[in-house]
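Here is a briefing on one protein model. Overall figures come before a close look at a single strand.

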Amino acid sequence: MNKLLPDAVLRSVEIYRAFLRDHSIGIPNIHAVLGSGIGSSFVDEWVPSGWESIGTLDFKTLPAITAATAPGHPGIYRFFREKKSQKVLCLQVGRLHGYEGLTPAETALSVMVPRLAGTENFVLTNAAGGLKLEWEIGSIMMIRDHVNFTGQNPLTGPLYTTTDGKTVGPRFPDLSKAWDREFNDQLRKELSASGLTTHDGVYLGVAGPSFETPAEVRLFAQWGMGTVGMSTVWEAITLAHAGARVSGFSLITNLGCGLNPGVVLDHFVILEASKVAAKKVIAALFTLAEKS
Ligand code: HPA
């Protein structure tokens, strides 16, 4: 059954658009979701000289979006404009997760409100456990594809329509191009130019919040998966359904549980490892935005 998008979503899209109007900026050319530690280490000195900071929109001001609760995830959108070209980059600092008690569709609203407001290009980043012993901590895996191992799908439920009566996407979306190869290659180029080591692979999304057992990690590694984490797959499915162009990567902050027996995993190990690469990641995203 088709159904009009919930009122809270439509109002959130209006508030988001009004923010852009009030600050005299256009629709962001790129919306990048910054995973654990990447965004929370961000400081204004990292904004390149050709860009200016425009302002911040808090998830709390959008009725459809729940405030973020995970450590290292403040839950804000930060907008930047390139002075010369007027291009706009939106950095989403923090995201929502299923383990916070939200449904898959609710977690994806932090990217769907910008999508419904008109943004086409999305970069989804995450901190993740590496499943290949030869990939170093601090290196990057470009997400060529994903496995949704959460057992849930954000598109479960009614097929939503926008106010013009069109459905947001098809009932049974094809995900063979959910991760855009060309966009991913552009992103990879900028990450390498920033000094990060990049690999290619498949991201496996789990529900969390417990880390995986060593037996699960061994299984995922045998399946050939590259990284494992607790986010991203629901956002990717929802955005692909809504016709967005999606690229993204995992920042490998640790080896999967049991692969590095000396290390006990906790969230702060992950935040610390993210901070080391964050500056280079941010530099790459601004350059990508300049060139796209
Ligand atoms: N597993 C799941 N999520 C994660 C990990 C991990 O090893 N590292 C960072 N996020």
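Of the protein's 292 residues, 54% count as buried (under 20% relative accessible area, 1.4 Å probe, protein chains only). This is a predicted model: local features need pLDDT of at least 70, side-chain atom pairs count only at pLDDT 80 or more, and totals for chains, interfaces and linings use all residues. Residues are numbered from 1 along each chain as its sequence is written, and side-chain values use heavy atoms, leaving out hydrogens and water.

**Overall fold**
- The protein has six helices and 11 strands (DSSP runs, numbered from the N terminus: H or I of at least four residues for helices, E of at least two for strands).
- Its radius of gyration, over C-alpha atoms, is 18 Å, close to the 19 Å of the globule rule (2.2 Å times the number of residues to the power 0.38), so the protein is as compact as a globular protein of 292 residues.
- The C-alpha trace spans about 55 × 50 × 35 Å along its principal axes.

**Strand β4**
- Strand β4 covers residues 76-82, and seven of its seven residues are buried.
- In a regular strand, side chains alternate between the two faces of the sheet.
- On one side of β4, I76, R78, F80 and E82 are buried; on the other, Y77, F79 and R81 are buried too.

**Neighbours of β4**
- Strands pair if DSSP finds at least two bridges between them.
- Strand β3 (residues 51-58) runs antiparallel to β4, joined by seven bridges.
- Y77 in β4 stands opposite L57.
- Strand β5 (residues 88-93) also pairs with β4 in the antiparallel sense, over six bridges.
- F80 has L89 of β5 as its bridge partner.
- Five residues lie between the strands in the hairpin of β4 and β5, where Q86 takes a positive phi near 70 degrees.

Notes:
Buried means under 20% relative accessible area, exposed over 50%, partly exposed in between (1.4 Å probe, protein chains only).
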